[in-house]
Amino acid sequence: MSSTPVFGRLIPAMVTAFDENLQVDVEQNCKLAKRLLDGGCDSILLFGTTGEGPTIHVEKKLEVIKAVVDMVAGRAPIIANVGTNCTEDSIEMAKKAAACGVDGLMAVVPFYNKPPQEGLYRHFRAIAEAVDLPIILYNIPGRCGINMTAETTLRLARDCANIVAVKEASGNLDQIAEICDAAPEGFAVYSGDDALTYEVMKRGGVGVISTTANCAPAAMKKIVDNAAQGNWEAAASAHEAILPLMKGLFLTANPILVKKALNLQGFNVGSLRLPLVDATPEQAAQLAETMRVCGVLD
């Protein structure tokens, strides 16, 4: 794990800030991206699950992407999530995001359709062939209804030069280890579960695409940096210190609680668009206590 992957090791799946009318706040999103980079994050991922991508229109996504790219000005890679359950739409979004100047793309396993593995392979290969940018695959069976097997991930990694990484959120450590062990040179495996970052990196993963990094970037950075250097005792200690928050942020549907966490820290990212709803008072109180215990809230 000596060489640094192209997108680094700590990539926040950035939340999307809304104003009081639930309109996308472009300026506040730029400020959040800067805050995350200042906090030690290596890249920024826009409009993933944590960024409420499914409820934001394409035009507004592109406006934010362009604004963040311009604000960052090459300081760090910007990645746009472009995946949908329609291959043609995914390709169109990939091309539009590329035109905004992003450094990479992420595409999730198609949800709801439940394609067979061959369908997954052809879907991702079609996206990869349509653009020149590096692509991160995103496997999250709990949200998509199907699992992309290690065999399919490795086939794509070998056949498509610009498919350079996978965000693995299957929770299956045996599957993740199989990908790490057999991946071609330079292919990166990221943990898609904050709480499994340590275990994934022990098996050869390079880092994490993280929800928790939105509100605790320094704590997450301690885990990935120590693990990358082989300081496993220090990595384990850093993992244990922030584990209550990594678990606590997912006691209800993400990103309800991570948005609440940022608001509690005094960085306003607004509420959530339906069908997501705000944290209950009880959830908010429990989260605040967890944040204090973990040292990320005064």
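This is a short walk through the structure, one selection at a time.

Before you click, know that this is a predicted model, in which local features need pLDDT of at least 70, side-chain atom pairs count only at pLDDT 80 or more, and totals for chains, interfaces and linings use all residues. Residues are numbered from 1 along each chain as its sequence is written, and side-chain values use heavy atoms, with hydrogens and water left out.

**Stop 1: the strands**

Start by selecting residues 104–108, which make up strand S4. Helices and strands here are DSSP runs, numbered from the N terminus (H or I and at least four residues for a helix, E and at least two for a strand). How many of the residues in S4 are buried? Five of its five are. "Buried" means under 20% relative accessible area, "exposed" over 50%, and "partly exposed" in between, using a 1.4 Å probe and protein chains only. Show the side chains and you'll see Gly104, Met106 and Val108 pointing one way while Leu105 and Ala107 point the other way.

Now add residues 78–81, strand S3, which runs parallel to S4 and is joined to it by three bridges. Two strands count as paired if DSSP finds at least two bridges between them. To find one of the contacts, pick Ile79: its bridge partner in S4 is Gly104.

Next, go to S6, residues 163–168, where six of six residues are buried. On one pairing, S6 runs parallel to S5 (residues 135–139), with five bridges between them. Click Leu137 and look for Val166, which stands opposite in S6. S6 also runs parallel to S7 (residues 188–191), this time with four bridges. Here Ala165 stands opposite Ala188 in S7.

**Stop 2: a charged patch**

Select Glu151, Asp174, Glu178 and Asp181, which gather in a patch of negative charge on the surface. Some ground rules for the patch: its members have over 30% relative accessible area and no salt bridge, with like charges joined within 9 Å and nonpolar side chains (Val, Leu, Ile, Met, Phe, Trp, Tyr) within 5 Å. Asp and Glu count as negative, Lys and Arg as positive, and His and the chain ends are not counted. Which helix gives the largest share of the patch? That is H7, residues 173–182, with three residues. Zoom in on Asp174, found in H7; at 64% relative accessibility, Asp174 counts as exposed.

**Stop 3: salt bridges**

There are 13 salt bridges to look for. A salt bridge is a side-chain nitrogen of Lys or Arg within 4 Å of a carboxyl oxygen of Asp or Glu.

Try Lys66 and Asp70 as your opener: their side chains meet at 3.0 Å, N to O. The two are separated by about one helical turn because they sit four residues apart in helix H2. Lys66 is partly exposed at 37%, and Asp70 is also partly exposed, at 46%.

For a pair that reaches across the chain, select Lys221 and Asp42, whose closest N and O atoms are 4.0 Å apart. Lys221 is in helix H9 (residues 217–228) and Asp42 is in the loop between H1 and S2, 179 residues apart. Both are partly exposed, Lys221 at 23% and Asp42 at 25%.

Then pick Glu199 and Arg203, bridged with their closest N and O atoms 2.7 Å apart. Before leaving, select Lys34, Asp38 and Arg75, which are joined into one network by salt bridges that share partners.

**Stop 4: backbone oddities**

Most residues other than glycine have a negative phi, and most peptide bonds are trans. The following spots depart from that.

Select Leu22, in the loop between strand S1 (10–12) and helix H1 (26–38). Its phi is positive, near 65°, and Leu22 is partly exposed at 27%. Now jump to Phe47, in the loop between strand S2 (44–46) and helix H2 (58–72). Phe47 has a positive phi of about 65° too. Is Phe47 buried or exposed? With a relative accessible area of 3%, Phe47 is buried.

Finish with two prolines. The peptide bond from Asn254 to Pro255 is cis, with omega near 10°; find Pro255 in the loop between helix H10 (232–248) and helix H11 (256–264). The bond from Leu274 to Pro275 is cis as well, with omega near 15°, and Pro275 sits in the loop between H11 and helix H12 (281–293).

Definitions and conventions:
Accessible areas come from the Shrake-Rupley method with a 1.4 Å probe; for residues, only the protein chains shown count as cover. The place of a charge is taken as NZ of Lys, CZ of Arg, CG of Asp or CD of Glu.
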